[in-house]
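Reader: I'm new to protein structures and would like some help. Could you show me how to read a few features, step by step?

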Amino acid sequence: MKFDSVIIGGGLSGMVAGITLQKAGQNTAIISTGQNALHFFSGSFESLKEPGQRILDLFAEAGVRLHYSPGLWLTPLGTFKESALSLEDIDLFPERKFARKVLIVNFLGYHDFFSSFLAEGLEKQGMSCRVRFLNLPELEKLEQSPSEMRSVQIARTMDRLWEKVVQEVRVLLKDEDAVVLPQVFGLQDTSVPGRIRQGIPARVIFAGTLPPSVPGIRTQILLKQRYQLLGGTYMMGDEVVRAHVHDGVVHSVATKNLDSHYLEAANFILSTGGYFSKGLISNPFQVYEPVFGLDVEYKEDRNQWYNPAFKEDQPYMHFGVKADENLRALQDGKPLQNLYVAGSVLGDTRPEFGTAAGQAIRTALHAADQILKK
Amino acid sequence: MNANEFDVIIIGGGITGAGTQRDCAMRGLRTLLIERSDIATGATGRNHGLLHSGARYAVNDPESAEECIRENMILRRIASHCIDETDGLFITLPEDDLGYQQTFVEACRKAGINAEIIDPDLARRMEPSVNPELIGAVKVPDGSVDPFRLCAANMLDAKLRGGQVRLQTEVTGFIREGNVIKGVHTLNHQTGETADYYAPVTVNACGIWGQHIVELAGVKVGMYPAKGALLIFAHRVNNVVINRCRKPSNADILVPGDTVCVIGTTSTRIPFEECDSVAVTPDEVTLLITEGAKLAPSLSSTRILRAYAGVRPLVSADDDPTGRNISRGIVCLDHETRDGLKGFITITGGKLMTYRLMAEMATDAVCRKLGVEKACQTAEIPLPGSEEKSFEAVAQKIWENPTMAQKAAVSRMGTRAARIRTGNKRDDALICECEEVSVGEINAAIDRLEVSTLTDLRRRTRVGMGTCQGEFCACRAAALLAKAHGCVERERADLEDFLQERWKGNFPIGWGDTLREAEYTQWVYKHVLGL
């Protein structure tokens with residue numbers, strides 16, 4: 001199979017690159033193992049302080065509604081963090097005290113939404129809180145199995161049941177001017193969070209749950225749909241097992257599912273993520289990049305990989321694949337002519353592109369631009 | 001009777017202290033146990049969890065070997081829910097001297113240990129993970145024991161018999177009149193409150209920290225802190241304890257326990273100042289993996305879950321004026337005869353699995369001082385939870401068709417699992433999916449087993465001990481604790497402490513899947529949950 005570009009890794013970075021290249025007329029493929037960092041996305045792009053119109057348009061065209069309003073978002077444990085850009089259903093408040101009185105609504109038997117932590121956090125900011133639990137008979141089926149009351153399972157039910165939640169909340173509501181609900185709405189039907197807001201006569205805030213993140217998975221679904229509508233080939237549940245490189249040029253890669261069919265392309269992008277996504281692999285002696293064996297910046301002395309204090313910055317999280325100024329991957333100190341690196345597999349080696357989601361998007365756009373310039 | 005007065009005060013909430021409190025309570029004494037942090041935080045919870053058959057000591061220390069096999073048989077009866085009767089193998093590898101096997105077996109038999117030479121082929125069938133290169137094998141009655149459960153069950157029985165327990169409470173000094181210890185001054189680390197407690201006898205059962213306690217009392221005991229490092233693997237690779245049939249050395253015991261297995265140990269003398277913060281070094285990790293893989297080669301490709309270290313409370317011979325107790329390992333000092341200080345006893349040395357004997361010795365000494373004549377019964381009366389032997393049978397007695405989670409709960413709590421609220425879906429919901437711990441079991445532990453922090457909860461229920469190392473369950477359990485204690489603010493700090501405590505055991509082995517999990521936990525707690 002022949003493509004203009006093949007992208008290895010289907011997370012935020014890979015999809016942004018894929019969409020950009022498809023939109024510019026290229027024929028591309030994305031190879032994805034299936035899980036990526038969007039599955040535990042907070043819903044707020046803390047690392048994108050100045051997103052720029054290009055990024056906003058890219059998301060808008062995919063149907064991912066964002067809003068830009070520098071302020072604070074409410075974390076699942078009831079603290080506040082600064083951010084300028086977030087998904088539309090994640091509020092950004094100008095100040096911590098966003099209401100006078102708050103009604104926090106949880107589901108009975110749901111342990112992944114921390115209503116007591118939220119209440120304590122909000123009360124610290126001078127908002128009085130009331131926590132109530134909804135007992136919906138429709139959720140009983142989930143409760144039958146002791147490990148089914150989790151965010152995505154509830155969200156699947158809520159695509160049908162959200163109107164019932166609106167009614168229950170209307171009954172519970174007294175004189176509160178804000179209602180906090182768990183982020184389990186709008187997994188498939190993206191209009192649901194907005195309709196809940198219209199249906200409840202108070203400000204509605206959706207606060208996060210334990211992963212998987214419903215807004216994150218929704219974002220993943222929408223970006224993937226956009227990529228496929230533009231004609232891209234998204235290979236889900238597959239991974240690269242071999243790469244053919246000659247004289248500094250990548251010719252093709254082979255995947256687990258398509259073993260004998262090589263994927264050939266003029267250009268390749270490596271966006272395989274960090275340790276969790278196996279873009280970087282570590283053993284007691286080294287940190288390496290498993291697909292091409294690229295140069296990785298890391299400390300040889302393993303004692304220097306960690307800070308014994310969990311809450312402190314961890315050096316290992318900065319390690320990453322080395323790339324030249326155009327983000328071409330380095331192998332034995334020399335750039336490969338047609339392999340570009342994007343996203344968190346870079347670690348912290350290129351701070352000029354930012355961190356986290358900001359890094360994923362900016363490096364993906366930069367890599368795509370380099371390919372299109374050729 | 002004044003609420004601050006007791007017959008005996010026991011300092012130290014490890015297995016020796018808990019066992020001594022139980023024994024004293026069974027002999028009708030009014031007991032108080034004081035522990036500066038939580039149960040089983042010292043050497044009790046930081047070892048192999050091996051129910052020695054005694055075979056390891058048979059050649060060099062026959063007295064210890066006899067002690068072990070006697071206690072081994074007793075614990076199978078009285079603590080069945082804390083014990084896994086796995087049996088053990090002593091294997092001879094090509095580089096070992098096969099001639100040692102005969103010496104070993106003879107010494108075992110002399111000590112009363114049923115040691116049986118078996119064909120290497122049979123050993124490979126009995127334990128498929130064993131190094132297939134073995135040239136000799138001996139089967140012995142080793143087993144594994146859960147020290148947290150054992151400690152909690154002893155303390156629970158003491159409480160059922162009227163004993164009182166003060167956790168998170170440190171002894172800051174002794175109340176002394178002339179050469180008589182009358183009681184102790186204490187400080188509660190959680191509330192900041194101070195309190196005085198009185199008793200005619202005080203027992204120091206603090207393991208290596210007993211050194212500090214005897215100093216507070218103004219006497220000297222020469223202790224020898226010996227650090228031992230161990231690794232926990234994420235799977236139960238072996239079902240039978242595997243030992244090397246040679247002179248005891250480093251990293252030559254692999255013990256299965258619950259869902260995991262443990263390799264150890266090393267032995268290094270450390271300064272006293274380091275006892276509170278022992279860390280495992282990269283060299284120790286390398287040694288443990290290399291030697292461990294010789295027992296079971298698959299260990300070299302098995303994920304390591306944690307590294308940890310404990311400090312053995314050995315007593316150096318030259319400082320013990322009587323010198324009598326050294327060979328036995330157990331040291332019971334009556335400071336009245338030894339130092340002229342009345343009302344004070346130190347019990348130390350020994351092993352996890354000889355705790356009952358140590359408790360008996362200490363309690364005998366207490367009773368002699370108080371003039372109480374009642375025989376020890378701890379070798380006959382089972383611990384709460386261990387009244388029935390088979391946990392499958394117990395589970396079926398409590399629930400007609402027990403679920404996996406209920407069976408897991410019975411394996412942890414024995415017959416006490418009947419106290420878990422169950423039968424409705426809210427109580428059956430799982431908090432910890434790796435170890436199948438339910439809401440009901442966690443609430444039962446909070447109510448009945450003196451839980452104040454997430455780490456306390458982990459010791460009693462295995463929450464956070466599985467492959468995810470508390471990534472998800474820590475938060476869920478924190479919410480239950482916040483509800484039970486009515487304080488969210490304290491729980492936030494507790495959650496941070498819990499994650500720090502997990503990281504402490506993860507970073508020495510931070511590579512491969514452990515590092516993946518650590519990166520994920522970092523990301524989730526710092527960036528998503530906003531801790």
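**Reading features one by one**

Author: Happily! Let's begin with one residue: Gln469(B) counts as buried because it has 22 C-beta neighbours inside 10 Å, and the cut-off for buried is 20 or more. Keep in mind that this is a predicted model.

Reader: Where is Gln469(B) found?

Author: Gln469(B) sits in the loop between helix H14 (454-461) and H15 of chain B. Its backbone is worth a look too: phi of Gln469(B) is near 55 degrees, a positive value in a residue other than glycine.

Reader: Is Ala356(A) buried, partly exposed or exposed, and what is its phi?

Author: Ala356(A) counts as partly exposed because it has 19 C-beta neighbours inside 10 Å. Its phi is positive, about 50 degrees, although Ala356(A) is not a glycine. You'll find Ala356(A) in helix H8 (residues 356-373) of chain A.

Reader: Now strands, please. Which way do the residues of S2(A) point?

Author: The general idea comes first: in a regular strand the side chains alternate between the two faces of the sheet. In S2(A), Thr28(A), Ile30(A) and Ser32(A) point one way, while Ala29(A) and Ile31(A) point the other way. Strand S2 (residues 28-32) of chain A is mostly covered, with five of its five residues buried.

Reader: In which sense does S2(A) pair with strand S1 of chain A?

Author: S2(A) and strand S1 (residues 2-8) of chain A pair in the parallel sense, over four bridges. Within this pairing, Ser5(A) stands opposite Thr28(A). To get from S1(A) to S2(A), the chain passes through helix H1 (residues 12-23) of chain A, a right-handed β-α-β crossover. S2(A) also pairs in the parallel sense with strand S9 (residues 233-236) of chain A, over four bridges; there Ser32(A) stands opposite Met236(A).

Reader: Where are the cis peptide bonds from Pro211(A) and Gly264(B)?

Author: One runs from Pro211(A) to Pro212(A), with omega near 0 degrees, and Pro212(A) is in the loop between strand S8 (203-207) and helix H7 (214-229) of chain A. Another joins Gly264(B) and Thr265(B), with omega about 0 degrees. Thr265(B) lies in the loop between strand S17 (260-264) and strand S18 (268-269) of chain B.

Reader: Last one: how many residues of chain B are in contact with chain A?

Author: 39 residues of chain B are in contact with 39 residues of chain A. The largest share of chain B's side, 10 residues, comes from H17(B). That side divides into 21 nonpolar, seven polar and 11 charged residues.

Conventions: Residues are numbered from 1 along each chain as its sequence is written. Chains are lettered from A and ligands numbered from 1 in the order in which they are written. This is a predicted model: local features need pLDDT of at least 70, side-chain atom pairs count only at pLDDT 80 or more; totals for chains, interfaces and linings use all residues. A residue is buried if 20 or more other C-beta atoms lie within 10 Å of its own, exposed if 12 or fewer, and partly exposed in between; C-beta atoms are placed from the backbone. Helices (H or I, at least four residues) and strands (E, at least two) are DSSP runs, numbered from the N terminus. Two strands pair if DSSP finds at least two bridges between them. A crossover is right-handed if, with the strands pointing away from the viewer, the path from the first strand over the helix to the second runs clockwise. Two residues are in contact if their C-beta atoms, placed from the backbone, lie within 7 Å. Ala, Val, Leu, Ile, Met, Phe, Trp, Tyr, Cys and Pro count as nonpolar, Asp, Glu, Lys and Arg as charged, and the others, Gly among them, as polar.
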